[in-house]
Amino acid sequence: MVRTRELHRRTRREVPYPLIALVGYTNAGKSTLFNRLTHAHVMAENMLFATLDPTIRQVTLPSGLHVLLSDTVGFISNLPTELIAAFRATLEEVLGADILLHVRDIAHEDTTAQKADVEQVLTSLFGKGASLDHLIEVHNKTDLWENAHGLRYHPPGNAMAVSAVTGDGVAALLSHIDHLLSDRLLNEYPLSIPHHDGRAMAWLYAHGQVLTRRDGEELAHFTARLTPANHARFVQQFPEYT
Ligand SMILES: Nc1nc2c(ncn2[C@@H]2O[C@H](COP(=O)(O)OP(=O)(O)OP(=O)(O)O)[C@@H](O)[C@H]2O)c(=O)[nH]1
Ligand SMILES: [Mg+2]
């Protein structure tokens with residue numbers, strides 16, 4: 001398993017997309033959420049990853065940012081020692097993630113203990129004192145909670161509330177991730193494109209966030225925010241405009 005995972009990781013490193021890993025207690029709804037988040041976004045490019053590893057999918061966020069989403073095996077309490085090695089292998093995925101989504105079943109009576117168990121595993125994985133500020137708590141199964149309580153579920157603190165089954169809250173979760181990653185990953189670049197090159201302009205607007213535009217006689221001068229990978233693609237396609 002370690003070897004296979006390492007192969008997948010190496011393949012993925014060649015595609016510089018941010019990695020988002022779903023972690024959580026068993027039965028929390030990780031795979032259901034994984035399917036919901038990837039369902040509408042499955043594209044032909046996914047096939048490479050899908051054949052290598054069905055638990056990795058590409059997702060395009062609302063801003064156009066491409067990310068990889070990784071499902072992982074669920075955590076359980078008191079894992080038998082002989083399983084820990086195999087378990088760790090799948091969790092190594094988690095170490096390389098840019099964002100961790102801690103999926104919780106907030107309708108479960110043991111939800112608090114489950115959270116503590118998951119956090120203990122993460123701490124042992126990352127090492128004591130490691131910062132987990134790239135972790136987002138996702139409170140799942142709000143539909144069950146709301147049916148049981150007859151109230152709308154409001155998550156405490158910075159947590160996001162979703163129902164992977166009904167899709168409630170999923171769009172808000174995606175745009176939250178989008179904002180976090182955009183702030184972290186986008187750099188500002190100056191670019192100048194001739195007015196007649198509609199293709200280059202369209203590419204820029206589709207792949208970047210245009211901050212300023214000043215139209216000169218022949219050229220439109222932009223400052224735009226792009227991921228470094230997309231900037232490299234722009235330079236490759238339109239070398240004369242940078
Ligand atoms: N009502 C409801 N059920 C859900 C929701 N999300 C998941 N489930 C159900 O919870 C059960 C477990 O879901 P999975 O997605 O398999 O959970 P998991 O976290 O991937 O579990 P492991 O792979 O064992 O770690 C399934 O029966 C799902 O249909 C939800 O938002 N609402
Ligand atoms: Mg699962």
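Student: What makes the approach of G29 to an oxygen atom of ligand 1 a polar contact?

Tutor: A backbone N or O atom of G29 lies 2.9 Å from that oxygen. A polar contact is a pair of N or O atoms within 3.5 Å, so this pair qualifies. The model is predicted: local features need pLDDT of at least 70, side-chain atom pairs count only at pLDDT 80 or more, and totals for chains, interfaces and linings use all residues. Residues are numbered from 1 along each chain as its sequence is written, chains are lettered from A and ligands numbered from 1 in the order written, and side-chain values use heavy atoms, without hydrogens and water.

Student: Which polar atoms of S31 and K141 approach oxygen atoms of ligand 1?

Tutor: In S31, a polar backbone atom lies 2.9 Å from an oxygen of ligand 1. In K141, an N or O atom of the side chain lies 3.0 Å from an oxygen of ligand 1. Taken alone, ligand 1 exposes 650 Å², and the protein buries 70% of that (Shrake-Rupley areas, 1.4 Å probe).

Student: What makes a residue count as near ligand 1?

Tutor: One of its heavy atoms must lie within 4 Å. Around ligand 1 there are 16 residues, and T26, K30, S31, T32 and D143 come nearest. Helix α2 (30–39) and helix α6 (142–149) each supply at least two residues of this shell. The largest share, 3 residues, comes from α2.

Student: Why is the R104 and E137 pair called a salt bridge?

Tutor: Their side chains meet at 2.8 Å, N to O. A salt bridge needs a side-chain nitrogen of Lys or Arg within 4 Å of a carboxyl oxygen of Asp or Glu, so this pair passes. R104 is in strand β4 and E137 in strand β5, so the pair ties together parts 33 residues apart in sequence. A search of the whole structure finds 7 salt bridges.

Student: How do you know which residues line the second largest pocket?

Tutor: A pocket is an open set of points on a 1 Å grid over the protein atoms alone, with protein on both sides within 12 Å along at least five of seven lines; lining residues have an atom within 4 Å of a point. Here 15 residues line the second largest pocket, and L135, I136, E137, N158 and A159 lie nearest its centre. About 210 Å³ of space lies in this pocket.

Student: Which element supplies the largest share of that lining?

Tutor: Strand β5 does, with 4 residues. β4 (99–105), β5 (135–140) and α7 (170–185) each supply at least two.

Definitions and conventions:
On a 1 Å grid over the protein atoms alone, a cavity is a set of points where a 1.4 Å probe fits but cannot get out, and a pocket is an open set with protein on both sides within 12 Å along at least five of seven lines; lining residues have an atom within 4 Å of a point. Grid points are joined across faces, edges and corners, and a volume is the space filled by probe spheres set on the points. A polar contact is a pair of N or O atoms within 3.5 Å; within protein, one must be able to donate a hydrogen and the other to accept it, and residues adjacent in sequence count only if both atoms are side-chain atoms.
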